[in-house]
Amino acid sequence: MAHRAVLNADIRKGTINRNIYGHFSEHLGRCIYEGIWVGEDSPIPNTKGIRNDVVEALKEIQIPVLRWPGGCFADEYHWQDGIGPKEGRKRMINTHWGGVVENNHFGTHEFMELCKMLDCEPYINGNVGSGTVQEMSEWVEYLTFDGVSPMAELRRANGHEEAWKVKYFGVGNENWGCGGNMRPEYYADLYRRYQTYVRNYGDNKIYRIACGANSNDYNWTEVLMREAGRFMDALTLHFYTLPTQEWNDKGDATGFGVDQWFSTLQEALKMDDLVARHSVIMDKYDPEKRVGLIVDEWGTWYNVEPGTNPGFLYQQNSIRDALVAGVTLNIFHKHSDRVQMANIAQTVNVLQAVILTEGEKMLLTPTYHVFNMYKVHQDAQLLDLAVESGTYSLDGAGIPEISASASVNAEGVIHVSLCNLNHESAANLPLELRGLVTAGAEITGTVLTGAALDAHNTFSEPEAVVPVSFSGFKLEGDTLNVELPPRSVTVLAIAPKA
């Protein structure tokens, strides 16, 4: 099947917001406890109770923003339960995720310390479903007010003299479902009320984020933009990729066949249409694109690993997940005029995690490696890249075989990310380079692929799937002929001659 691509290196289409590479950490399963927080007395190397190995791994991929404490957990979380001496913190049942006891040892101070260690922006999700306006307002005051007030004094009494900087604040989560089963009209009014009291203190300016739609609920977006658009800075979107359409049997993370390989990628590609259609509605009320679209929950969702708590959502992560990550990030680049943040679900040990832990052991998943390869796109300028992809077909259905995106960084280096979705065939892509001098250009590459459909890393073989140097290309005149291995993610760097 024939492919062709043209890169116009002199046509820039806007900035790819680094926050598209954001992450999500919920009090769910072993994400926070064991994954991030082990406590100061743990034999696992830690700093102030936070795992050193996980912090270093997340710093390597330059995580820009981290969302917390949920998710569904956010709308049953009462922040004052998680401050003060740990022995006095309230214990609660995590009713959403596994019915386990939450001891609140990881709370506001610990999360803000984690963000400081990671040098990332905190994105805090407030409680609309079971919380009050006063509770949300006081949390913002506790976090960001530096003057004389009860909440500022309480923060100081708990050991943090200066106010923190908090830019991103979500007013509720999935309020159409676990966050209260609300109608959009009702939530729109609640949002308008609650956000009024999410105040800016001093020079801390909060970017107010409204709960947006579940997948293709376009009516939710219509109502929220019409009734509350002028009161928000962003609107969210949630979409999970399932290989099947059955929530009671979502398919397995490993051991699957070609049919579920194909259906998973077919589902992942739907993100393009979802973002485009929600954006059209947003454009109707916000043609200047002031309101950002934040896809703050996305990723694959499979059956849990056998023998694990079904409420912990622990799943393996294979080269298939790497392809999902690659094509999804390429889609976000394409829509970077509207998509201002995205947060993959979830950071450690839950759903499409970038890190898995088992006691003191830690491994990096294929999805992690895609984030590491793609970090070159953060805050870079999106370039015009036209791709004519051949069709990848199975049982009468077809999807594009190649997904691609390109950007140029501040140093003038061009990066092209290329995904070959075909499970068994290599893809030859002639890439015509326009708008730059190719003579003397230095071209290098990195590729991630796997020996099997479900190739993945384990604690006994943590480097079964890792990126390697890629040289499967040849420059002929102004055309770069690239031979993409099957089931692969590739990033090329093109540095014009100085």
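Lys 289 is partly exposed, with a relative accessible area of 29%. This residue sits in the loop between α8 (270-285) and β12. Its phi is positive, at about 60°, although Lys 289 is not a glycine. The model is a predicted one. Gln 62 also has a positive phi, near 55°, and is a residue other than glycine. Gln 62 is found in the loop between α1 (52-60) and β5. At 38% relative accessibility, Gln 62 counts as partly exposed. Most residues other than glycine have a negative phi, and most peptide bonds are trans.

Two cis peptide bonds can be described next. The bond from Trp 68 to Pro 69 is cis, with omega near 5°. Pro 69 belongs to the loop between β5 and β6 (92-93). A cis bond also joins Gly 70 and Gly 71, with omega about 15°. Gly 71 lies in the loop between β5 and β6.

The fold is organised around a barrel. Eight strands close into it, in the order β2-β5-β8-β9-β10-β11-β12-β13, and their pairing is parallel. From one strand to the next, the twist averages 30°. β11 (residues 234-241) and β12 (residues 292-300) are joined by seven bridges in the parallel sense. Within this pairing, Phe 239 has Trp 298 of β12 as its bridge partner. Helix α9 (residues 319-334) packs on the sheet and touches β11, β12 and β13 (339-345). The direction of α9 makes about 170° with that of β12.

β12 also pairs with β13, in the parallel sense, over four bridges. Here Leu 293 stands opposite Val 339 of β13. Together, β12, α9 and β13 make a β-α-β unit, and this unit is right-handed. β13 is mostly covered, with six of its seven residues buried. Strand β2 (residues 22-24) runs parallel to β13, and three bridges join the two. In that pairing, His 23 has Ile 344 of β13 as its bridge partner. Elsewhere on the barrel, helix α2 (residues 108-118) lies across β5 (65-68) and β8 (121-126). Helix α2 runs at about 150° to β8.

Thr 236 gives a view of the surroundings of one strand residue. Thr 236 is found in β11. Its relative accessibility is 6%, so Thr 236 counts as buried. Neighbours within four places in sequence are left aside in what follows. Thr 236 is in contact with Tyr 123, Leu 293, Ile 294 and Asp 296, among others. Its contacts also include Ile 209, Ala 210, Cys 211, Gly 212 and Ala 213. Of these partners, Leu 293 is the residue that stands opposite Val 339 in β13.

Aromatic contacts were examined next. The count comes to 21 aromatic pairs. In one of them, the ring centres of Phe 145 and Tyr 201 are 5.0 Å apart. Their planes stand at 55°, so the pair is tilted. Phe 145 lies in the loop between α3 (133-144) and α4 (150-157), and Tyr 201 in the loop between α5 (184-196) and β10 (207-214). The pair therefore ties together parts that are 56 residues apart in sequence. Phe 145 is partly exposed, at 22% relative accessibility. Tyr 201 is buried, with a relative accessible area of 16%.

Tyr 168 and Tyr 207 form an edge-to-face pair, at 5.3 Å centre to centre and 75° between the planes. This pair links distant parts of the chain: Tyr 168 is in strand β9 (residues 168-171) and Tyr 207 in strand β10, 39 residues apart. Both Tyr 168 and Tyr 207 are buried.

One aromatic cluster is formed by Trp 37, Trp 68, Phe 73, Tyr 77, Trp 79, Phe 106, Phe 111, Trp 139, Tyr 142 and Phe 169. Trp 68 of this cluster is also the residue that precedes Pro 69 across the cis bond.

Charged side chains also meet aromatic rings. Arg 30 lies over the face of Tyr 314, at 5.0 Å from the ring centre. Arg 67 lies over the face of Phe 24, at 4.5 Å from the ring centre.

Note on methods. Residues are numbered from 1 along each chain as its sequence is written. This is a predicted model: local features need pLDDT of at least 70, side-chain atom pairs count only at pLDDT 80 or more; totals for chains, interfaces and linings use all residues. Side-chain values use heavy atoms; hydrogens and water are left out. Two strands pair if DSSP finds at least two bridges between them. Axes are lines fitted to C-alpha atoms, for helices over the stretch in contact, and angles run from 0 to 180 degrees between N-to-C directions. Contact means heavy atoms within 4.5 Å. Buried means under 20% relative accessible area, exposed over 50%, partly exposed in between (1.4 Å probe, protein chains only). Rings of Phe, Tyr and Trp (its six-membered ring) pair if their centres lie within 6.5 Å; planes under 30 degrees apart count as stacked, over 60 as edge-to-face and the rest as tilted. A charge sits over a ring if NZ of Lys or CZ of Arg is within 6 Å of the ring centre and within 35 degrees of the ring normal. A crossover is right-handed if, with the strands pointing away from the viewer, the path from the first strand over the helix to the second runs clockwise.
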